[in-house]
Structures are given as C-alpha cells and as structure tokens.
Amino acid sequence: MNSSSLQTPSHDLRSPPGHYIGQLENIIHHAAAGSQEASQRLDVERSRSDCWIEVCLELLHRRGWEVSTAQHDAITFYALTALQRSPLFQSDDPSNIKWSTLRSQLRTLLIRTMSHFPSLQSMPNFVSTKVAVILALLVREDYPTAWAYPFKDVLNSLGLQNGRSMPDTATNGSLKTSSTEDNAGILMYLRFLDCISDEIVYPAVITDRDQTESASSSSATCAQHISSRREKVKDAIRGIPINQDNQHPVLEAYTPLDQTDAAHIICSLLDAITTNAITNIDAITLNNREAKHEIASRAAMTLRRYLSWVDLQLATHPSLVQYLLYCLGLAAPGSKVANTDSLEADGKDIIINEDGNESDETKPCTLLAAECANCLQEIITRGMDEPKKEALLIELDVIGTLCQLTGLPASSVTGCTSNAKLDITTVDGTQIDAVIAVAELINAIGLELIPCWELQLKQSGTVSAQVTLLMKQWLELVLACLLFDDIDVSGAVIDATSRALASVERHESFWNSMYGGNGETFCERLINRVLIILHERMKYPSTFEFDYEDDLEAEEEMYRSHLRKLYQRIVARSPHLVLEFIHRCFSSLIQPLANSATQDIEVALRLVHHYGEGRRPPPGAKSALRDGRFRELLIALHRSNVLCHPHREVLLLYYDLSVRYVAILKEFPELLSNLLGGLTGRQGLQHHHARARSRCCYLLLRLVKSVGGKTIRPYVEVVVDGIQNLLFPPEGIQVLPIPPNDALYLFEATGILLGTTGLDDNLQQRCATAVLTPHVQSIEQTLQSLDLQVDAEVSAEQLSMSISAIAQLTKGWQSHPPPGVQTVLAAAVDISLKVLAALSTSPLIRSRIAVLLQRMILCLGEKILSKMPEFLQILLLNCTTEEDVLDASQLINQLCIKFKESAAPAIDSSILPFLQRVLALQLCESSVVSSESVAPPPHLVTEQLSIRKQAFSTLQHVATHNASEVFYSEKNIGSFQDILRLMNDGAITVPDPVMKKTCVMFFGELTREWGSDGCAAPMNVRNGYFDFIYDVFIPGMLRCALDASFNAKDALHYRVLAEFSAALWLVKQSYRGNAEFHSRVFKLIESIGFSGAGPPSSVSPAIVATGFQNATSGKDMELCLTAWKEGCKV
C-alpha cells in the first residue's frame, strides 16, 4: 500500500470540514482493507480528537447509506462501532447534557435512515446488526424519559404496523392477519428486539465486555449506572413505574397491561408470525411461502427470548398459545414420505431436487414449528407454585392439543392416525427438527406436571379428573417419543421418563387404583412398556462400528448410557419383573446363540450385564446372584456357544459379564475352562481386532484377580505358558501383536497366577524364570544396541515399558516370595540398574525405576539394601523436577518404614544430596521473580512449599523410625546443625500447619530417642542437639504458638500445639534433667512475657512456669500453653 495516500487529518480549524472527513474516510477504507498503518493512525486520531463523537456522527450523516458499497459500509460500520464504545454509552456522568444531546442526534439520524427503504434493503447484515445494537443502547440510556416510545418509533420508521392488542381467532378456524410487510423491515425490527434482549434483559451475555470497559475507564460508577439502567428499562417495558430520583418515592400508577411496551412487543412478534405463517397457498409461489416461513420462524425465535420475563398474562394469552400450537402442525414431512405429487394445504412442503430425489434440507415451516415448540416450552417452564402451574397446564391444554396434532390414540403408542399433522411415531413422518423440539416440550411438560400431580395427591389424598387425564395423555406422548428411532428425540424425554418412574415407585398403589384394570396393575403395564422400548432403543444401529473416538458414534454411546441408567432404576424398583423380561428376551433369540443377530444378542447380554448395577442392596452383583433364576440364566449362558459368535463386541460383553458375576464361576469352577479358552485364544487375546485384544488383556487380569487362587489353580500352568508364548513367541510361530501398555496387564496377571495360587516353590521359580529370562535378554539386547544413544527417546520408551513389566509381575508376591523367585527378581534388579545408568537423563526411566524399587523393597526385603545406594546416587544426580524429588523421598521413606534402623547404611550417603537437590529446585523456582521487592506469585509459593514438604517428610521419617544415626555419621555430622535449622524453620515460619506438625514431630521423635539413657548417639551430638532445642526451637515455637495468627481452635493448628506440648514433656524427661528445664524455660517465659518479645498476657510468667514444672504429661503441657495463649487475648 502506498503510505503517501494516508495523510493524517489536519486539526486546523481553518481546514474545510469536508476535507477533514474525506481524509478520515480514506484512512478508514485502508484500515478495513487490512492496513496496520491505517489502523494505528485511526487510533492516534481518536486519542487526539476532542470531538470524535461529532466526527463519527458527521461520517454517518455524510453517507446516509443511500448507496451500499464495500467502502461506504466499512466507514459506516467503523463509525457505529466507535460510537458504541464512546462515552455516549460508557459515561460515568449519566446526567451530562452534552451526551444526551448527541444521543438524540444519533437517534434521529438512525430513525431517518431506517425510514429510507432503499437504504434498508441494501444494508448488509453486519451493518444492520450494528445499527440494532446502537438503538438498543439508546433505549438503555434514554428510555422512557428522553425517548418515550422507542418501539413505536422503530416500527413506524420501518413502515410496519404497530400491534396494540392480541389478534383474535375467527369462528371458522381461520386466523385474522394483518397485511404483508416488507421483509427487510421485519428483519431489522427483529434484530432490534434481539439486541434489546442482549443489552438489557440478559446482561450476563455482555458482562465480560462491561467489566473490560469499566476497567479501561477506571470507573465503577459507569458499571453501576449501566446495571441500574438495565433494571429500570426492563421494569419500564413491563409497565412498572421506575424511580428516577432515588431520594423520593414513586407515586405513579402501574401502566395497564395491554398498554405496556411489553404487550406491544409480544403483539408485534405474534403479528409477524401469523402474517407470514398463515398464508393463502394458492395465491403465492413456493419460494415466497418459504421466505415468509423463514421470517415467521425468525420472529418466533425472538419471541422465545421475551416469553421468559414478560408478564405471565401476556405469555399465557390464549390467542398467543393457540397460534403457537397451530404452527406446530405446519412442520414438513420427512424425506421418505411418499406423497410428493402435490403441496398439501397445511404447509407441508416436499422439495424435489434436480436429480429427482427429495431434499433432506430442513424446511422453513419445520423451523417455524420447532421455534414455536420452544416458545411453548418457555411458557410452561415459567417459575410459579405448583397449584398455579397445575391451573396453567389445564388452561392451556397443550397436552390435549399435542395429542390431537400427533393423532395418538388415548392409550396406545402403536402409531399416529392418518390425519396427524405432527407424526412422532414414524421416522421421517415429520422432519426431525420439529419432532426433536416437540419431544423437548413434552419432556418439560412432564417435569412440571408430575410435581403438581404429587402435591395434589399429598394434600388431598386424591387427584382431580382433569390432572388425571393430563397425566394419562402425557404418558402416551412421552412413551411415543421414547420409542422414536432417533437419539435426539428419544434422548430428549429420558429425564421426564425417569421422573415418572420415580413417582410410580413412591405412589405405586395410587397409580394402580387410578389407571389399573384388566387384571394387571398399571405400574406393571407401564414398566413392561418401558422395558420393551428400552430393549428396542438400546440396540445399536446396524451400521454402528463401535468406534468410540468417532463423534457421531460417541453420541450414540452417550444416549445409550442414559438409557442404561433408566434401566437400572427399573431394576432397583422391580427386579423380578425385569428378570422375567430378560428371560423372554433370551427365549426369543435364535438358537444356538452363535447364530443370533448381533443387535439382538448384544442387547440381551447388556440387560444381564447391567442388571447387577440396579439390584439392591449393594453390591448389586452379589444381590443379583442370590436369585436362583438369575443364576440359572448365567449358567446356561456359560454353557452356550456364545463364544463362537462372530462379532467382537458380543464376545467382549460376555467376558465383561463373566467378570462381573465371577462368583458363579467360583461355585461352578468347571465353567471356567471354556471361558479361559476363549479369553486366551482366537476369540480373545489373539482376536483379529486390536481393540478386542487390548480389552481382553484387561479382562483376563480382572478375572484372575476376582476368581481366586483356589478356583483357577488347575489352569495356572496352561495360562502362564500361553501368556509367555504371546509375549515372547517361539521362533517360527506367528502371533498377533499385543501393545506394550496392554502387555503390562498380562505381566501382572502372570505374577498373580504364580504368587497367589499355592504353587510349590520350585514351580514358581521355574515359571518366573521362564517369563523373565527372555524379558531380561530383550533388555540386554536393547542396551547393547548402537541406537541406544542415537535415538535415546525411543529407547527410553521401550526400556521403560520393560521396567514396568517387571514391576507389574512382582505384584503377585505381596510378601516375601520363595528364595528361588527372589534370586530371579534380584537378577532383574541388576539389569534395571544398568538401564538406569545408561539412560539416567530420561525422566520416564527414572520414574519407572522408582516404581520398580518400591515393589522390590517388598519382595526382596533386606536383600535390596545393598543395591539402594547405587540407585539413589544416580536418581539424585539427575533429580531435576518435583516428580524426581517425590520419587526419591518416597523411596527413602519406604526404606525407613520397612527396615527401621537397618535402613541407615542404605540411605546414609543419600540424605545430604537429597536435601541439596531440594534446595536447588527451590532456588530455581524462586529465581523466576528477580526483584526482592516483588512477592512471588501464589502458584510459585505453592510449588516451593510442595518441594520443601518432601524434605520435611523424609527427615521426619528418618527420626521416627530410629534411623537417626545418619545424622551423626561421618558424611553428615558436619551438616547436622543445618538440618536442625531447616526443620526449625519449617516448624516456625512455614504457614502450612501440616508441614509445621511434621517438623515438630521430627524434634519430638528425636528428643524421645536421644533423651533416653540407652541412646547410642555420641554425647557431644546429643548435647549439641539439646542446646539447639533450648536456645532455638523452644523459644521460636513459644512465640509462634502465642502469635495471633496461630489459631489453636483450628483442628490443624491444634495438632501442632499438641505435638509441641508432647515434645516439651519429652525435653523435661530427658537426661538433661528437670532442673535445667525449669531454669531455662522459666527465664524464657519471663523474657517473652515482660520484655515485649511476645504478646501481653493476663497470665503471669510464674503461673506458666509453675504449670510447666508441675506437668505430669504432654497433655498437662498442652493445657498450660492453651491457658497462656487464652490469657494473651484478654
């Protein structure tokens, strides 16, 4: 772009105004074309100008939108946007006369422009929308004082008739309508009403923008003014008098409802709907009729936004509701309807494409029906008490009208009658958008009707005939929708169906008395009908591929998950009825089961699988197996040939079902043979589909865990050998690959089979060797590979899975395995050390090694201690993350817990490196904030405390589990005072009470051990420790406990106080003697109480000292400290 064409406008008052505006238009044009330079110049000009609003008004006035071109539209849009963000609508001085005057000029300009018909027709959508936004903002600021009739003015400027009352219905069934209006004018008016809703009625839509604008102007007053104006305008629209002066009450009466602007808005919208929806088909063309239906649906969409807050009498006006119900019947038939030879008089259009096929595109008349259903739903869900809601439902008779429109029989859902205008039983009988909206309406009606029904029953013990009829009709509608073969329609009524079943459960006897007959209770009939529907709808489509990553199939699965919850509710209420239904389902299947259709057998198995989830009391599977008929069903299923079914999902569901009801296999262990054969063979681990193989790995592990060692013992060798052949196939044998992540399940299952089934030691060793030997050889080959360092990331991924496999295998031995197995596992530890040494920089390897070591500590016992220093050394040398610190801390803690004082030699060389890595990581986190005067962000403080917490925890474990000799070892004695200061700092200065308690416990445990007479620690170390206790720890903790921020009534802080009291008692009982304790602590109490070093207290130091002196337990110390602290508050 030629920058010379962008001249900065002159501010010289002698310059002609036209020349100044022309320069601005040129810059705006270039900015709209994408010029950054032009945009920057506009920003500079706006910031320099003192009359920018006037300039924008002049831009609008100069153009007038008489001719719509891309350049003119860009200038208009920029000017409107600049005005929208100007002090006209964001001022913190609402009484400013200048802004009021300019808003009046802007309003006049917009009204005059809209009245110019060619300008309105040629106006692009983005400009007309921005005009509507500005008009809405003008309403927000000036209505009703400075602009008394905004809706009337906008209607008149657009050349539209201003509705004043609800239209009436003619006796012959036709509707009185007003004359046809210009489409551009109607659409402009609808945009205006939508913007009123966005800017005034629903401020949450623009809250973020308001906050941004308020922050930029640094004015909270502006935001308060906008919020206040919204509420006042909303009240004024509804005819509620508003108080312009907050200091004086309003004496003005309410505006009559039919004269309010809300009534005028509703009437104008209804007029737009009826004018364009109820048309003379013979007099207009198909295209014109579709255009009218589009406008009608657009008006209904706007109407919905107002029905939620206008006066209830307006929202429920009989004429309005009747028109909305009438429009429900205008929905077009679906694409498969055969009647395509003519256009039906009720507005159902069949569009034929050029190739002769019917169009699946949603017709405008269908969109209109859907929007009218949404409007009715908005009316039905208005908040009110149940008696009022009941009266509303009876008065509107929406349910009865829906039954007429759908043509449903009074007590059947077999199909709609031939004259139905809204087919909700036949797929493609009506276009799906309308059916979905109607289903949502039926769902909403049910959720409102059922509480009314229950309340009336609770209060009077009976239900009126009108409500009884409504409920009966509604049940037919909701069951028809639930049966509909579309997940959006059927799924829309699941909530209401569930609510109805809950009501049936609570009031079963009354339901039966009201609707029963023919020898069968109503509740049983209803539940059977729902079960039949669920059985049909739970079937997956024939084209379903069970690809859960596909969005469409994920929606199908989500829908069926909701159906299963509904099924579980029925099971919980009527388990025996459901069990009879399941038996009927299996009886209807083609025998043998391997020949049954996938859809039929899959849904039958799923009913069995989820039956246990609904049974009560929990666990449901155990409760279900108490039923003899259910047990017989499972036994028959296991003895069938279902394993020969060709579809993988049937097999997987059968395996899953077998694991859920594993108790039947324990009772009849002979059933396990076929199951294991299928699960480990070509119907399972060697299935041709990868997902089936993956799922079977997991299910085999669950089966092995659940069935128990005694039951599975006869099959251990066969299963272990089979798993080994799959993981490491013999040469010349081809097997389908199992992903490494899934192979981990097989390793864990192998370990459980070997370690928990009672095999003799030699057999365990032989099998463990057979499994681990090829695995270890594979690791050695990878370590010797030339690609190890070349492609370290891939090698680390591969070796990490190998390390995890060894760790999973060891889960079979929760206690010490046999010596032979320990020898095999020790060899695995050796190879793991080589892996860690070779790839120590890999976080993945370090993490997996840490997990393996935690398992080996349990399996190898003290045999692992000699290996731990090497592992810890490498791990700590490469400790670079918080996760590394956590792994090292957990290993040291576990060693201390498991081996007590025997762990000291293994961790002696690791304590200082561990603390150094903690300090290094903490300093690294702190370096993010360079300035000392700037406090670190909260998340960094949290991360630093989390890292320090590991150091505190580790040192506390060392002290608690008698491994304290590491503190005075040759390697660590020089840093012992630093360790004490670290823990003292944690006890006194760290704000987290949990960390405080950990640090105080460290001192308490160390005092208990080193204060006794038989302690092995050198005397100089012990004396130095107790000097630190008297000189540093006790003074600091006393001041901390007496500080106002320490809330002893808080549970966590109370634990800190209790631990400190126990530590004081141990110090008093130590070898240093009671005399020294009394002498030093009394001086300390005096210094805190009278030197100003602590808070003043009403309790004298002598009383406190005497309390400490006479204390006979840590609890006495605690009571004394508590009394002292309470005295500080007086």
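**How the labels are earned**

Biologist: Asp 488 has a relative accessible area of 42% and is partly exposed. What makes that label fit?

Modeller: Buried means under 20% relative accessible area, exposed over 50%, and partly exposed in between, using a 1.4 Å probe and protein chains only. At 42%, Asp 488 falls in between, so partly exposed is the right label. Before we go on, this is a predicted model, in which local features need pLDDT of at least 70 and side-chain atom pairs pLDDT 80 or more, while totals for chains, interfaces and linings use all residues. Residues are numbered from 1 along each chain as its sequence is written, and side-chain values use heavy atoms, leaving out hydrogens and water.

Biologist: Where is Asp 488 found?

Modeller: Asp 488 is in helix α22, residues 487-492. Helices (H or I, at least four residues) and strands (E, at least two) are DSSP runs numbered from the N terminus. Asp 488 also belongs to a negative surface patch, together with Glu 440, Glu 545, Asp 547, Glu 549, Asp 550, Asp 551 and Glu 555.

Biologist: Why is that patch called negative, and what makes it a patch?

Modeller: Asp and Glu count as negative, Lys and Arg as positive, with His and the chain ends not counted. Patch residues have over 30% relative accessible area and no salt bridge; like charges are joined within 9 Å, and nonpolar side chains within 5 Å. Each charge is placed at NZ of Lys, CZ of Arg, CG of Asp or CD of Glu.

Biologist: Why does Asn 125 count as exposed?

Modeller: Its relative accessibility is 53%, so Asn 125 clears the exposed cut-off. Asn 125 lies in helix α8, residues 125-142, and its side chain makes a 2.8 Å polar contact with that of Arg 191.

Biologist: What makes a pair of atoms a polar contact?

Modeller: The pair must be N or O atoms within 3.5 Å; within protein, one must be able to donate a hydrogen and the other to accept it, and residues adjacent in sequence count only if both atoms are side-chain atoms.

Biologist: Which side chain of opposite charge is nearest to Lys 1125?

Modeller: That is Asp 1043, 6.8 Å away; Lys 1125 is buried yet has no salt bridge. A salt bridge puts a side-chain nitrogen of Lys or Arg within 4 Å of a carboxyl oxygen of Asp or Glu. Still, a polar atom of the Lys 1125 side chain lies 2.9 Å from the backbone oxygen of Asp 1043.

Biologist: How many salt bridges does the rule give?

Modeller: The count comes to 41. In one of them, the closest N and O atoms of Asp 1031 and Arg 1080 are 2.3 Å apart. Asp 1031 lies in helix α50 (1019-1042) and Arg 1080 in helix α52 (1074-1090), so the pair ties together parts 49 residues apart in sequence.

Biologist: How do you know that Arg 1055 and Glu 1059 are separated by about one helical turn?

Modeller: They are four residues apart in helix α51, residues 1051-1069, which means about one turn. Elsewhere, salt bridges that share partners join Asp 1027, Asp 1031, Arg 1072, Glu 1076 and Arg 1080 into one network.

Biologist: What is the phi of Asn 962?

Modeller: Phi is near 60°, a positive value in a residue other than glycine. Most residues other than glycine have a negative phi, and most peptide bonds are trans. The bond from Arg 616 to Pro 617 is cis, with omega near 0°.

Technical notes: Areas by Shrake-Rupley, 256 points an atom, 1.4 Å probe, with all protein chains shown as cover.
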